[in-house]
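Colleague: I have a model open and would like to talk it through. Can you take some quick questions?
Modeller: Sure, go ahead.

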Amino acid sequence: MLEVKNLSMRFGGLLAVDQVSLDVQEREIVSIIGPNGAGKTTVFNCMSGFYQPTGGQILFEGQEVQGRPDYKISRLGMVRTFQHVRLFNQMTVVENLLVAQHRHLNTNLVAGLLKTPSYREREQKSLDRAAYWLDRVGLMDLANREAGNLAYGQQRRLEIARCMVTEPKLLMLDEPAAGLNPAETKDLNQLIVSLKEDYCVSVVLIEHDMSLVMDISDRINVINQGRPLASGTPEEIRQNDDVIKAYLGEA
Amino acid sequence: MAAHNFKHALFCAFITLLISYPILGFNLEAQGINITITGADTTTILGVLLAAVVVFLFQLFRDQIMGRVGDLTSLTAGKHKEPMAENRRAKIESWVLTGIVILALFWPFFMSRGAVDLATLVLIYIMLALGLNVVVGLAGLLDLGYVAFYAVGAYTFALLSQYLGVSFWFALPIGALLAATFGLVLGFPVLRLRGDYLAIVTLGFGEIIRILLNNWTNLTGGPNGIGGIPDPTLFGMEFGRRVKEEGNTSFHETFGIAYSGEHKVIFLYLIALVLAVFTALVIRRFMRMPVGRAWEALREDEIAARSLGLSRTAVKLSAFTIGAFFAGFAGTVFASKQGFISPESFVFLESAIILAIVVLGGMGSQIGVVLAAIAVTILPELAREFSEYRMLIFGAAMVLMMVWRPQGLMPMRRIHIELKKQE
Ligand SMILES: Nc1ncnc2c1ncn2[C@@H]1O[C@H](COP(=O)(O)OP(=O)(O)OP(=O)(O)O)[C@@H](O)[C@H]1O
Ligand SMILES: [Mg+2]
């Protein structure tokens, strides 16, 4: 469903991403790994429309999406999280989830002012959906807290829930396990697998936690200094000499 | 530390002297066609010296003084008080507000004409500030040309009545909608700018509209303005001594009471009150609606908001347009109240005052904005003797406020949407 062909991104003299290709099928977890500064986040930024790639092609369900504005790409069903959590800190946890459903809501101003039945119905539906996902990620008790006051692990889960209420087809997670303790990482592992199994979402995952990556990925792409180094199943990657030299050996 | 303080204090005192002595110490006097400089009398010089000493002492003991001010803050902010339960507070707040509105309804019947007139002006500023509050406080867009939309509303009514004889009630929605259209059209190109750039461009737009009104003489009358703007009517009843328009009746004759100029003033006040309450209620509702949340989300983290499918342009434009709409409302009422408008009424200073109201009141907070509007409009009237020093007092008040309560009189309390527990 997603196909990235020869993606390149140049910042001035720096070629941060050089001819990276990637493809993701329905209900598949594909990981991108590589040392710090390899260009993983930059690939995400190109895919989600934050950067206009300087070369290559990104096809989502057959449509070219490179260079489209970010909010339009997100509306197609490709949503991402951020390496550094980005919540609406002064809003409550539920409100974070309501904002994410903006385009599902009746945004007709007059209907909202008059509280027409159809408006109320949609508002209620979005609250229900928010409640469902809060329950799913275990944040129900904190629903009316300010998002900024949550613990780090909870913020990470809220960010994933916030993506899921938009009902995406493809979820892009940028280092979701960073800063989590082992127990939380285990929960995250189960959550991601369940997103794939139960909600039919494909996942692109950037992660440094090797045990997590090896455990849940269907396929792995390794990039090093912006260039693709290897790709294959976890088993193949584990035995790839180049990867061991460039990445695993170094760590 | 002490030596550093002393040096700094000395420097500040010196600057005070340097600035105030030439301004206050030399008088330019016209003698025939020549202008001569004369020195000031001793009292002025003593005054300047005294000011320098005051500045010196303040800077020397600055830390202690600021410490005191800080204590004062914690006292008034009621830091040690238990925060009230969210829904209880909301309930009390709405009762108090209803009480105030009812009081405001009957209040003009016992007051002097001048006071009611001033109160009408306060209400107009409340409308303006509530509208700008959407743009600056909620959506976080610094708009320095807000007065342009106020002008559009006022001039729409003035021109429509002059050329087409349109009455107040027809002009009111037209003025507001036209102002909103202007907001939409002007907002479109500028809203991709950020922060300071947006502020500068909106400032420019405000001035462009004013200069246009000033120079398009054959339409707007230029600096001479437009006069004879009609008063609002009540179901076809006019408030003047004689009926001006055919088909209308006059208020005092219909009810068989003696003519009084006060009727008109009170009626205008009531219209302004109703519109101000309407503005407050509508905006309050917006704040709980998806648009309101989108404004806040975009203000808090634009990148995250966009990654969730919110279009930056659409969301910002909606805030800009809605803000302009209420400015148009206020403008129509203003034109009707004054009976005469000219570009003079729509200078940058007005934008600055409205912005000051929003900042003083606490960005995003409606009650705060209402209080600040009252304070900013009434205080200069009370201190008429000091009118020369108006801007000085204004500036000093702003500086003090920023030190004492940087979040404004009543910092915004967000209206939360609660998720109720389901069984
Ligand atoms: N906006 C930008 N302008 C200039 N250079 C950039 C920009 N964004 C990223 N880079 C550079 O591109 C390179 C790749 O950065 P990127 O953030 O994609 O790495 P990463 O693989 O995500 O690393 P990490 O594992 O630390 O998150 C880095 O050298 C970085 O400095
Ligand atoms: Mg990264």
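Colleague: How far is an oxygen atom of ligand 1 from a polar backbone atom of Gly39(A)?
Modeller: That distance is 2.9 Å. It falls under polar contact, a pair of N or O atoms within 3.5 Å; within protein, one must be able to donate a hydrogen and the other to accept it, and residues adjacent in sequence count only if both atoms are side-chain atoms.

Modeller: Before we go on, this is a predicted model: local features need pLDDT of at least 70, side-chain atom pairs count only at pLDDT 80 or more, and totals for chains, interfaces and linings use all residues. Residues are numbered from 1 along each chain as its sequence is written, chains are lettered from A and ligands numbered from 1 in the order in which they are written, and side-chain values use heavy atoms, with hydrogens and water left out.

Colleague: Which side chain has an N or O atom 2.8 Å from an oxygen atom of ligand 1?
Modeller: Gln83(A) does. For Glu175(A), a side-chain N or O atom is 3.4 Å from an oxygen atom of the ligand.

Colleague: How much of ligand 1 does the protein bury?
Modeller: It buries 64% of the 640 Å² that ligand 1 exposes when taken alone. Those accessible areas come from the Shrake-Rupley method with a 1.4 Å probe; for residues, only the protein chains shown count as cover.

Colleague: Which element gives the largest share of the shell around ligand 1?
Modeller: α1(A), with three residues. Helices (H or I, at least four residues) and strands (E, at least two) are DSSP runs, numbered from the N terminus.

Colleague: New topic. How many residues does each chain bring to the contact between chain B and chain A?
Modeller: Chain B brings 32 residues and chain A brings 40 residues. Contact means heavy atoms within 4.5 Å.

Colleague: And what area is buried there?
Modeller: About 3,300 Å², with 63% of it from carbon and sulfur atoms. Buried area is the accessible area (1.4 Å probe) that two parts lose on being put together, summed over both. Arg293(B), Leu308(B) and Leu419(B) supply 22% of what chain B buries against chain A, more than any other three residues.

Colleague: How many salt bridges are there between chain B and chain A?
Modeller: Three. A salt bridge is a side-chain nitrogen of Lys or Arg within 4 Å of a carboxyl oxygen of Asp or Glu. Arg306(B) forms one with Asp70(A), and their closest N and O atoms are 2.6 Å apart.
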